[in-house]
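Dear colleague,

Please find below the structure for your consideration. My findings follow directly after it.

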Amino acid sequence: MISQPGPGLSGLPGEPADSIAPLQVPSGSRAGNGTVLNVLLITAAAVVVVLVGFFLFAALGSEAFILCGFLALIPLGICLLGLHWIDRWEPEPRAALLFAFLWGAGVSVAITVLLGSMVNEVLMTLLPLTPADVIATVVQAPLVEEAAKGLGVLILVFARRSHFDGPLDGIVYAGTIGAGFAFTENILYFSAALFETGGVSLQLGFVFVLRGLFSPFAHVLFTAAVGLALGLAVRKPGGARIVVGFTAGLAAAVLGHMFWNGGMALVYDDFFLFYFLLQVPLFVLALAGVAYLRRAEQRLTRARLGEYAAAGWFTPAEVEMLATRSGRRQALRWAGGFGAKPAMRTFIRDATHLALTRQQLVNGRDPRMNAAREERILAGLIRTRAVLLQTAGTARPS
């Protein structure tokens, strides 16, 4: 049962209601202010990115740093556009995504540089018969890099718990970390090709095509395994679930990375055969999985908002508007007719967050915190609806 049903309200688009009773949020139900924590996390990660940037600038020189950085922006843009497509239904907070990118581009790279050689030495001692290049590429790199990136996803589970609702959220956060890591790593690979031939050459172009155009999503896919597993784990309460999810996701990410780095040996160093026979099908499978999760999130939104409609918070027309892509497009066009698109976007975003918060309550996750959040979101939705209907009424010709 919805804890505090509200008054019947008109749907959108539609006629403005005569009066809208505000929801009184009980004092003391406000969520703890996480702004300070967010600022500290972003600031710390940004400092590390600056330090990594200075290190690369000093090591590569200004011309190589600028050229390779510009080239690395192209696969980064491809990755971010793909992640934006995944994130369209319930966009994650920009501050959290900024932290994820900074962690990937800076902190995870720094951890890899600092720990990589030490881990490599340990592995060479444990695996004395294994060639050094195989240990470095197929074993050490996947272990250290995926652990460094995965740690950032784990931090987001606790730092942005209210917005880490399920597997899609985990994929977006983890994918953003992976995209950040790949951005910095691509600068290093492009600069290596640049210095190998003493300038811009076919070698640089070849490396750019292989890494930047053929496989820009590699690190996104690896780290997404951690995000997916943690997203499934946080659906239900319990710290043990998070530990198990992180361990399982990290193992999948490491194995996937090992397979990626060592896979060409299976096809006798023929990259294109490896790419079309193994990498392309895996990428298509990942796309199909994401599409399935997006549809599942849409169905969940409709089901949970339907419960609020039964209690009087929404009309059936509003649920249709909020829980379907066509309904959202129609609502944004309607609101755009009188300059209220931002308010409608807020209404849609908060309603989606309300549905996911309700799902957390149903699953028994953080009941006190989510009950207070539920009340705040409902209060905000009523205020936004009032603004929309008032603006629509004012814009109507007399």
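Is aspartate 366 buried, partly exposed or exposed? The model, which is a predicted one, gives aspartate 366 a relative accessible area of 25%. Buried means under 20% and exposed means over 50%, so aspartate 366 counts as partly exposed. This residue sits in the loop between helix H12 (341-362) and helix H13 (367-395). Its phi is near 45°, a positive value in a residue other than glycine. You may wish to look at that loop on the display.

Overall architecture

The protein contains 13 helices and 0 strands. Of its 398 residues, 47% count as buried. Among contacts between residues at least 6 apart in sequence, 78% join residues that are at least 24 apart. The protein exposes about 19,200 Å², and carbon and sulfur atoms supply 68% of that area.

Confidence

The mean pLDDT of the protein is 88, and 89% of the residues reach 70 or more. Over residues 1-33, however, the pLDDT is below 50. Beyond near neighbours in sequence, this stretch nevertheless has 70 contacts in the model.

Nonpolar cores

The largest nonpolar core has 30 residues. Those touching the most other members are Ile86, Ile171, Ala179, Ile187, Phe190, Leu204 and Val220. Two or more residues come from each of helix H1 (35-60), H2, H5, H6, helix H7 (218-233) and H9. H5 gives the most to this core, with 10 residues. Apart from it lies another core, of 25 residues, with Trp313, Ala340, Ile382 and Leu388 among them.

Helix H6

Helix H6 covers residues 202-214 and bends by about 25° at phenylalanine 208. Phenylalanine 208 is itself buried, as are Leu204, Val207, Leu210 and Gly212 of H6. What covers the buried residues of this helix includes helix H2 (62-86), helix H5 (167-197) and helix H9 (271-310). Leucine 204 belongs to the largest nonpolar core and is one of the residues that touch the most other members. Leaving aside neighbours within four places in sequence, leucine 204 is in contact with Leu67, Leu71, Phe190, Ala193 and Leu194. Of these partners, Phe190 is likewise listed among the core members that touch the most others.

Threonine 301

Which residues does threonine 301 contact, leaving aside its neighbours within four places in sequence? They are Trp89, Leu322, Ala323, Thr352 and Ala355. Threonine 301 has its place in helix H9. Its relative accessible area is 0%, and because buried means under 20%, threonine 301 counts as buried.

Cysteines

The count of disulfides comes to 0. Cysteine 68 has a relative accessibility of 0% and cysteine 79 has one of 3%. Both values are under 20%, and therefore cysteine 68 and cysteine 79 count as buried.

Yours sincerely

Note on methods
Residues numbered from 1 in each chain as written. Predicted model: local features only at pLDDT ≥ 70, side-chain atom pairs only at ≥ 80, totals over all residues. Heavy atoms only, no water. Helix = DSSP H or I, 4+ residues; strand = E, 2+ residues; numbered from the N terminus. Buried < 20%, exposed > 50% of the residue type's maximum accessible area, 1.4 Å probe, protein only. Contact = heavy atoms within 4.5 Å. Areas by Shrake-Rupley, 256 points an atom, 1.4 Å probe, with all protein chains shown as cover. Disulfide = S-S within 2.5 Å. Bend = angle between axes of the 7 residues up to and from the residue. Core = buried A, V, L, I, M, F, W, Y, C linked by side-chain atoms within 4.5 Å. pLDDT = per-residue confidence, 0-100.
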